[in-house]
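Here's a quick tour for anyone meeting this structure for the first time. Take a look at the sequence and the model, then read on.

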Amino acid sequence: MDYRRKTNRGVFGLSEAAESLVFAYVGANTTILYRQWVADGEKLPL
């Protein structure tokens, strides 16, 4: 996520503090979504 935060800085048009929250939220939820995808038998393509 640090790499994405650096390379995509400004992409949301938000302040640095707001972007930090967005990236934290996405980072935390990506793992949850991936685990659920695996638990569901990977029925949808990534």
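## The big picture

Let's start with burial: of the 46 residues in this protein, 7% are buried. Keep in mind as you look around that this is a predicted model. The protein has two helices and zero strands. Measured out along the principal axes, its C-alpha atoms fill a box of roughly 40 × 15 × 15 Å.

What about the surface? About 4100 Å² is exposed, and carbon and sulfur atoms supply 60% of that area. As for charge, the protein carries 6 positive and 5 negative charges, and the mean positions of the two groups lie 3 Å apart.

## The loop between the helices

Helix H1 covers residues 2–7, and helix H2 covers 16–39. Between H1 and H2 there's a loop, and Arg9 sits in it. Is Arg9 buried or exposed? Arg9 counts as exposed because its relative accessibility is 51%, and the cut-off for that label is over 50%. Arg9 also pairs up with Ser20 for a distance check: the two are 11 residues apart in sequence, with 9.5 Å between their C-alpha atoms.

Leu14 is another resident of the loop between H1 and H2. With a relative accessibility of 42%, Leu14 falls in the partly exposed class. Leu14 also belongs to a nonpolar patch on the surface, together with Val11 and Phe12. Taken together, the three residues of that patch offer about 280 Å² of accessible area.

## Along helix H2

Val26 is one of the residues in helix H2. Its relative accessible area is 36%, so Val26 is partly exposed. How far is Val26 from Val11, C-alpha to C-alpha? These two valines are 15 residues apart along the chain, and their C-alpha atoms are separated by 14 Å.

For another distance involving this helix, try Glu16 and Asp40. They are 24 residues apart along the chain, and 36 Å separates their C-alpha atoms.

## After helix H2

Asp40 is in the segment that comes after helix H2. Asp40 counts as partly exposed because its relative accessibility is 41%. Which residue does the side chain of Asp40 touch through a polar contact? The partner is Gln36: side chain meets side chain at 2.9 Å.

Glu42 is in the segment after H2 as well. With a relative accessible area of 45%, Glu42 is partly exposed. Now for its backbone: the phi angle of Glu42 is near 55°, which is a positive value in a residue other than glycine. Most residues other than glycine have a negative phi.

Key: Residues numbered from 1 in each chain as written. Predicted model: local features only at pLDDT ≥ 70, side-chain atom pairs only at ≥ 80, totals over all residues. Heavy atoms only, no water. Helix = DSSP H or I, 4+ residues; strand = E, 2+ residues; numbered from the N terminus. Buried < 20%, exposed > 50% of the residue type's maximum accessible area, 1.4 Å probe, protein only. Polar contact = N/O pair within 3.5 Å; in protein donor to acceptor, adjacent residues only side chain to side chain. Patch = residues over 30% accessible without salt bridge, like charges linked within 9 Å, V, L, I, M, F, W, Y side chains within 5 Å. Areas by Shrake-Rupley, 256 points an atom, 1.4 Å probe, with all protein chains shown as cover. Salt bridge = Lys/Arg side-chain N within 4 Å of Asp/Glu carboxyl O. Lys, Arg positive; Asp, Glu negative; His and termini not counted. Charge placed at Lys NZ, Arg CZ, Asp CG, Glu CD.
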